[in-house]
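Colleague: I should like to learn how to read the features of a structure that is new to me. May we go through it together?

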Amino acid sequence: MSGPSPETGGEPGTAGGAGGADGGGVGTAGEQVGTIGRKAGRGLRWSLLGNLGTKATTFVMGLVLARLLAPEDFGLYAIALAATTFVMHVNDVGIIAATVQWRGRVEDMAPTATVMAVAFSTGMYGIFWVVAPYFAELAGSAEATPVVRLLTAVILIDGITAVRAGSLMRGFGHDRLTKANIAGSLVNAGVAVTLAANGAGAYSFAVGQVAANTVTGALVFAWAGLPFRLGFDREVAVRLLRFGAPLALGLGIEAVLMNADYVIVGAVLGPVALGFYLLAFNVSSWVPSVIGTALRYVTVPSFSRLAEQRPQALSLGVQRSVPLLVAFVLPVAVVTATLAPAIVAFLYGEKWVPAAGVLALLAVLMVVRMLTSLAFDILTSAGATRATVWMNLGWAVALVPALWAGTHWYGIRGAAIGHALAGVLVALPVAALVLGRAGVRLAPVLPALVRPLLGAAVAAVVTVTLAGLTSGVAGGAVAGGMTAGSALVQLCVAGGGGLLAYLLIAVPAARLRRLGARAVPARAR
């Protein structure tokens with residue numbers, strides 16, 4: 001069986017076969033962006049629905065587990081999660097993204113890609129089974145070894161389903177992916193809470209996650225509609241490796257970026273402090289997890305189709321996407337940073353108050369992660385996977401010493417400071433640089449960022465002012481923190497006031513009037 005040549009533009013009737021700028025392609029760059037944007041919009045709606053459903057389930061599960069388990073259990077799970085996140089990024093050698101970005105018929109590459117994904121995931125699991133004790137010891141908790149070995153087993157499922165998941169994303173089949181993910185999250189919650197209530201400790205997280213991935217994987221495999229065939233074509237394998245190996249390396253470095261803090265904090269401060277840090281990091285990850293993950297499901301196929309068309313189509317798509325992303329994430333980051341104590345006190349209770357200071361600092365990282373993830377997806381879609389390595393490598397070189405110094409200097413808050421500084425001073429400039437070198441024009445984006453940035457500054461002032469005025473309301477402050485009642489008042493009054501201030505400044509008046517007109521029924525007007 002021979003695979004399609006690298007020069008093949010795509011299947012007949014697909015975006016890859018539409019032709020280039022000078023090759024008779026149909027429509028302008030703007031029209032192509034609009035067509036693909038509509039498909040991406042439908043996919044994004046399903047992805048958001050799925051992420052909101054799964055994250056809501058995970059959120060409720062976290063609230064329950066925070067009351068059933070001790071901070072040390074969270075710390076042990078954090079160590080296993082760090083290992084799992086790393087292997088999940090690299091175990092399929094970029095096969096999922098390669099399937100989405102593939103220039104040609106998926107059926108031609110699927111047998112070879114499946115064999116490669118299964119082989120690499122099995123090999124990676126074997127390696128981590130052996131090194132698990134050393135990894136746990138490095139993170140400061142040797143007792144985490146069996147949890148690491150159990151949780152990393154999810155990569156075996158990922159290897160089996162990689163090509164099918166990529167095929168669904170490529171065809172914007174996000175409705176089926178959403179249903180599979182929601183089913184898995186419900187299984188996760190049921191298993192984890194049941195085990196925690198029966199004293200399983202950190203194993204509650206691990207067993208629940210393995211059960212969830214099994215259910216999700218089975219549904220993805222069944223719903224992909226891709227015949228299961230095994231084979232090996234050397235030409236296809238070379239193409240996959242040429243694209244996927246740098247991508248896997250870049251994703252591996254990204255996993256280090258997002259999990260080096262767990263290892264360093266655990267090694268320096270121990271599992272209890274790591275438990276507080278993990279809770280704060282998880283809260284700061286809500287937006288990147290819900291919105292960022294949903295975006296990743298559609299940005300790679302969308303930008304991949306644009307990159308097949310003409311260079312200006314990709315740049316135009318990026319120029320439209322970045323301001324929207326910034327405008328959405330900035331107000332959430334402001335409210336999270338300014339009202340972190342109220343968020344932690346209201347959701348998790350007084351015993352988790354030490355996590356609030358960390359959460360306020362990690363709100364900065366929230367914005368950085370959203371933008372760098374988008375940059376990574378753009379580079380992947382353009383086939384510039386080597387650039388993803390340099391982008392994440394530059395960030396990692398700055399981050400690891402910053403985390404180490406910050407943790408020794410100022411504990412878990414110091415780790416958060418190191419994360420924020422490395423992100424703002426290194427990650428964002430490097431991302432802009434590599435995107436420019438890949439041919440993406442970012443200069444037209446800058447004017448569209450003025451209003452969101454100004455709105456964020458004003459919203460921060462308004463939120464802090466209102467938080468001070470409402471401090472002590474509804475039960476007042478208690479020793480070591482605040483009551484749930486006073487926290488709720490701050491979140492409603494200060495958070496609502498800050499968001500309103502942001503909306504009035506960041507959104508043009510004409511657009512607000514249009515939104516208002518849509519919100520009021522014609523008969524009422």
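Modeller: Certainly. Please keep in mind that this is a predicted model. Of the 525 residues of the chain, 53% count as buried. The accessible surface comes to about 21600 Å², and 68% of that surface belongs to carbon and sulfur atoms.

Colleague: How many helices and strands does the chain have?

Modeller: The secondary structure consists of 18 helices and 2 strands. As for contacts between residues at least 6 apart in sequence, 84% of them join residues at least 24 apart.

Colleague: How should one read the span of a helix, and what does helix α15 span between its end C-alpha atoms?

Modeller: The general idea is to compare the helix with a straight one, at 1.5 Å a residue. A straight helix of 53 residues would span 78 Å, whereas helix α15, residues 385-437, spans only 13 Å between its end C-alpha atoms.

Colleague: Where is the kink in α15 centred?

Modeller: The kink in α15 is centred on Tyr410 and amounts to about 150 degrees. After α15 comes Gly439, with a positive phi near 95 degrees.

Colleague: Let us turn to a single residue. Is Leu177 buried or exposed, and why?

Modeller: One compares relative accessibility with a cut-off: under 20% means buried. Leu177 has 6% relative accessibility and therefore counts as buried. Leu177 belongs to helix α7, which covers residues 174-197.

Colleague: How far apart are Leu177 and Trp46 in sequence and in space?

Modeller: In sequence, Leu177 and Trp46 are 131 residues apart; in space, the distance is 8.6 Å, C-alpha to C-alpha.

How values were computed
Residues numbered from 1 in each chain as written. Predicted model: local features only at pLDDT ≥ 70, side-chain atom pairs only at ≥ 80, totals over all residues. Heavy atoms only, no water. Helix = DSSP H or I, 4+ residues; strand = E, 2+ residues; numbered from the N terminus. Expected span 1.5 Å × (residues − 1). Bend = angle between axes of the 7 residues up to and from the residue. Buried < 20%, exposed > 50% of the residue type's maximum accessible area, 1.4 Å probe, protein only. Contact = heavy atoms within 4.5 Å. Areas by Shrake-Rupley, 256 points an atom, 1.4 Å probe, with all protein chains shown as cover.
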